[in-house]
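Please open the structure in your viewer and keep the sequence beside it. This tour goes from one selection to the next and says what is there at each stop.

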Amino acid sequence: MKTTLLTVTLAATLFIGAGFAQKNSIKDVTPNKHALENLVAGIHSDNLGVKRSSIFFAGKYRIAEAEEPLINQLKEEKDPSTRILIAMVLYEMGSEKGLSEVKDLSENDENAKVRRMTFQIYNEYLVNDGVSTVYVTE
């Protein structure tokens with residue numbers, strides 16, 4: 001029941017956010033000259049709340065300069081829920097390079113929940129990107 005609810009919530013989030021809006025520069029969001037370095041520091045923070053808030057912010061505002069830091073954090077992130085959050089943000093940003101990493105997670109992550117959720121995120125990307133084939137693993 002919990003897994004079904006989580007899957008439904010993820011699907012609803014993906015459908016609502018579908019459309020891949022244009023990425024923004026951090027300068028479009030704030031004139032603060034230290035904003036980007038603070039955002040990147042937050043993405044790599046040891047404080048889980050700061051890290052997740054920074055990742056969420058980067059996705060909500062589709063900050064183009066955060067794409068590489070997010071991909072790098074996805075590769076080294078230990079927390080399964082944060083890996084899923086980063087995957088969702090990369091989807092929201094329409095990051096092709098990032099979604100390649102998401103596909104890799106869906107095939108190789110040691111956590112079954114991460115594999116299942118990233119599989120759904122990657123499939124949603126394929127459907128919304130106009131690709132007629134859905135990704136299926138065996």
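How close do the axes of helix α5 (residues 67-76) and α6 come, and at roughly what angle do they cross? Select both helices: their axes come within 10 Å and cross at roughly 150 degrees. That makes α5 roughly antiparallel to α6, where angles under 35 degrees count as roughly parallel, over 145 as roughly antiparallel, 65 to 115 as roughly perpendicular and the rest as oblique. The axes are lines fitted to C-alpha atoms, for helices over the stretch in contact, and the angles run from 0 to 180 degrees between N-to-C directions.

Before going further, note that this is a predicted model, in which local features need pLDDT of at least 70 and side-chain atom pairs count only at pLDDT 80 or more, while totals for chains, interfaces and linings use all residues. Residues are numbered from 1 along each chain as its sequence is written, and side-chain values use heavy atoms, with hydrogens and water left out.

**The whole protein**

Now show the whole protein, whose secondary structure comes to 8 helices and 0 strands; helices (H or I, at least four residues) and strands (E, at least two) are DSSP runs, numbered from the N terminus. Read along the sequence, the pattern is α-α-α-α-α-α-α-α. Of the 138 residues, 38% count as buried, where buried means under 20% relative accessible area, exposed means over 50%, and partly exposed lies in between (1.4 Å probe, protein chains only). Of the contacts with a separation of 6 or more, 64% are between residues 24 or more positions apart, and contact means heavy atoms within 4.5 Å.

**Back to α5 and α6**

Return to the pair you selected at the start and show the side chains. On the α5 side you will find Glu-67, Leu-70, Ile-71, Gln-73 and Leu-74, which meet Arg-83, Ile-86, Val-89, Leu-90 and Met-93 in α6. The residues of this contact divide into 7 nonpolar, 1 polar and 2 charged, with Ala, Val, Leu, Ile, Met, Phe, Trp, Tyr, Cys and Pro counted as nonpolar, Asp, Glu, Lys and Arg as charged, and the others, Gly among them, as polar. The crossing of α5 and α6 is left-handed, a word used if the near helix is turned anticlockwise from the far one by less than a right angle, whereas a clockwise turn is right-handed.

**Helix α4 beside α6**

Keep α6 (residues 80-93) in view and add helix α4 (residues 48-60), whose axis comes within 8 Å of that of α6 and crosses it at roughly 15 degrees. These two helices are therefore roughly parallel to each other, and their crossing is left-handed. To see the contact, select Leu-48, Lys-51, Arg-52, Ile-55, Ala-58 and Gly-59 of α4 together with Ser-81, Thr-82, Leu-85, Ile-86, Val-89 and Met-93 of α6. Sorted by type, the residues of the contact of α4 with α6 are 7 nonpolar, 3 polar and 2 charged.

While you are in α4, pick out Ser-54, which is buried, with a relative accessible area of 9%. Leaving aside residues up to four places away in sequence, Ser-54 touches Leu-39, Gly-42 and Ile-43.

**Salt bridges**

The whole structure holds 7 salt bridges, a salt bridge being a side-chain nitrogen of Lys or Arg within 4 Å of a carboxyl oxygen of Asp or Glu.

Select Arg-62 and Glu-92, which form one with their closest N and O atoms 3.0 Å apart. This pair joins distant parts of the chain, with Arg-62 in the loop between α4 and α5 and Glu-92 in helix α6, 30 residues apart. Arg-62 is buried at 14% relative accessible area, and Glu-92 also counts as buried, at 15%. Look at the backbone of Arg-62 as well, where phi is near 50 degrees, a positive value in a residue other than glycine.

Next, select Glu-68 and Lys-97, whose side chains meet in a salt bridge (2.9 Å, N to O). Glu-68 lies in helix α5 and Lys-97 in helix α7 (residues 96-108), 29 residues apart. Glu-68 is partly exposed at 37%, and Lys-97 is partly exposed at 45%.

Finish with Arg-83 and Glu-110, whose closest N and O atoms are 3.7 Å apart in a salt bridge. Here Arg-83 is buried, with a relative accessible area of 3%, whereas Glu-110 is exposed, with 65%. Add Asp-109 to the selection, and you have the network of Arg-83, Asp-109 and Glu-110, joined by salt bridges that share partners.
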